[in-house]
Amino acid sequence: MSSLDAVVGAIASEPRRRVVEHLADGPATVSALAEVLGMSVPGTMRHVDRLAEAGIVLRTKAGRVVTVELVPGSLDPLATWALQHRLFWGNHLDRLAGHLAGPTDRSEP
Amino acid sequence: MSDSTVTVTRVVPADADRAFRAWMDPAELARWWWPQWPDTTYEVDARQGGRLRITAPSAGVGVEGAFLEHDPPRRFVMTWTWVDDPAAGVPADAAVDTVEVTFTPGDGGTEVTVRHTSSGHDGGDEQGWNDVLDRLPGHLAS
């Protein structure tokens, strides 16, 4: 499986995206994440596992406390994919067509 | 590594003058280029040798280029460099691509064709990306 597939699979879940968004503000404990999700700790652990398998987050143990943090650059394959030329231009030309078909077009001579 | 060219074509419901202007007028670009990022800035010096600069600081992406040919409303050719960090500008080792856009009048509008040629400077992932992306045109055309 490519790293892109792994990343896309990992964030194809609303709770996991919320975990990622929360971690964008800094590392958090699993219990803090469980609170954010309104979910049990074991349930939260499952989501963290998926994100860790895809290389998006990293677990660090300090004493008895495990914190979860984002891996810098791990979402880059997603951004790179979205900016690849064929997708980029296809998307942009569709929007150009939509723009030119828009209401302001009617006022053109 | 040899150059690779991606070609994408759409028919837009406007004449060539109007379609060409949508690329050259910053106010028009703002309506369709990256409207999802409101802090995007658009600078276009619409003439041969003029520069184009579009940056979206909130998204951390931008593009810079210069018009190698500027022939309204038929065609323009420009250099094209992706900028990852708009605040830092173009990195010294950035790949410089070429983008050619042609406007061909036809039934029901203007055929707009983008040809984006990459130098292959980045190498590596390109083949993998192409494999993924070859599935997309059908989806995008539907």
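**Exercise 1. Describe how helix H4 of chain A is placed on strands E2 and E3, and at what angle to E2(A) it runs.**

Solution. In this predicted model, helix H4 of chain A (residues 41-53) lies across E2 and E3 of chain A. Its direction makes about 115 degrees with E2(A).

**Exercise 2. Determine whether the end-to-end distance of H4(A) agrees with the span expected at 1.5 Å a residue.**

Solution. Step 1: the helix has 13 residues, and at 1.5 Å a residue these should span 18 Å. Step 2: the C-alpha atoms at the two ends of H4(A) are 18 Å apart, so the expected span and the model agree.

**Exercise 3. Establish which residues of H4(A) are buried, how they are arranged about the axis, and what covers them.**

Solution. Step 1: the buried residues include A:Gly43, A:Thr44, A:His47, A:Val48 and A:Leu51. Step 2: viewed down the axis of H4(A), the buried residues fall within an arc of 140 degrees, and therefore they line one face of the helix. Step 3: on the other side of H4(A), the residues A:Pro42, A:Arg46 and A:Glu53 are exposed. Step 4: the cover over the buried residues of H4(A) includes helix H1 (3-11), H2, helix H3 (30-37), E2 and E3, which belong to chain A.

**Exercise 4. Identify the residue that caps the N-terminal end of H4(A) and the residue with positive phi that follows the helix.**

Solution. Step 1: the cap is A:Ser40, with a side-chain oxygen 3.1 Å from the backbone nitrogen of A:Gly43. Step 2: after H4(A) comes A:Gly55, where phi is positive, near 80 degrees.

**Exercise 5. Work out the strand order of the sheet in chain A, its edge strands, and the way H2 packs on it.**

Solution. Step 1: the sheet is open and consists of three strands in the order E1-E3-E2, with antiparallel pairing. Step 2: strand E1 (28-29) and strand E2 (57-62) of chain A each pair on one side only, and these are the edge strands. Step 3: helix H2 of chain A (residues 14-23) packs on the sheet and touches E1, E2 and E3 of chain A, its direction making about 90 degrees with that of E3(A). Step 4: two bridges link E1(A) to strand E3 of chain A (residues 65-70) in the antiparallel sense. Within E3(A), the residue opposite A:Thr29 is A:Thr67.

**Exercise 6. Place these elements in chain A as a whole, and examine the buried residues of H1(A).**

Solution. Step 1: chain A contains six helices and three strands. From the N terminus, its elements follow the sequence α-α-β-α-α-β-β-α-α. Step 2: of the 109 residues in chain A, 39% are buried. Among contacts in chain A with a separation of 6 or more, 46% come from residues 24 or more positions apart. Step 3: in H1(A), the buried residues are A:Leu4, A:Ala6, A:Val7, A:Ala10 and A:Ile11. Step 4: seen down the axis of H1(A), the buried residues occupy an arc of 165 degrees, so they line one face of the helix.

**Exercise 7. Describe the pairing of E5(B) with E4(B) and E6(B), and explain why E5(B) is called largely enclosed.**

Solution. Step 1: strand E4 of chain B (residues 61-71) and E5(B) run antiparallel and are joined by seven bridges. The hairpin between E4(B) and E5(B) passes through three residues. One bridge pairs B:Asp71 with B:Arg75 in E5(B). Step 2: E5(B) and E6(B) also run antiparallel, joined by six bridges; the partner of B:Val77 in E6(B) is B:Glu100. Step 3: seven of the nine residues of E5(B) are buried, so the strand is largely enclosed by the rest of the structure.

**Exercise 8. Classify B:Gly89 and B:Pro105 as buried or exposed, and locate each in chain B.**

Solution. Step 1: B:Gly89 is in the loop between strand E5 (75-83) and E6 of chain B. Buried means under 20% relative accessible area, and B:Gly89 counts as buried because its relative accessibility is 16%. Leaving aside neighbours within four places in sequence, B:Gly89 is in contact with B:Glu64 and B:Val83. Its C-alpha atom is separated by 9.5 Å from that of B:Thr55, 34 residues apart along the chain.

Step 2: B:Pro105 belongs to strand E6 of chain B (residues 97-106). Exposed means over 50%, and B:Pro105 counts as exposed because its relative accessibility is 62%. B:Pro105 and B:Asp15 are 90 residues apart along the chain, with 6.7 Å between their C-alpha atoms.

How values were computed: Residues numbered from 1 in each chain as written. Chains lettered and ligands numbered in written order. Predicted model: local features only at pLDDT ≥ 70, side-chain atom pairs only at ≥ 80, totals over all residues. Heavy atoms only, no water. Helix = DSSP H or I, 4+ residues; strand = E, 2+ residues; numbered from the N terminus. Buried < 20%, exposed > 50% of the residue type's maximum accessible area, 1.4 Å probe, protein only. Contact = heavy atoms within 4.5 Å. Pairing = 2+ DSSP bridges. Axes fitted to C-alpha atoms, helices over the stretch in contact; angles between N-to-C directions. Expected span 1.5 Å × (residues − 1). Arc of directions from axis to C-beta. Polar contact = N/O pair within 3.5 Å; in protein donor to acceptor, adjacent residues only side chain to side chain.
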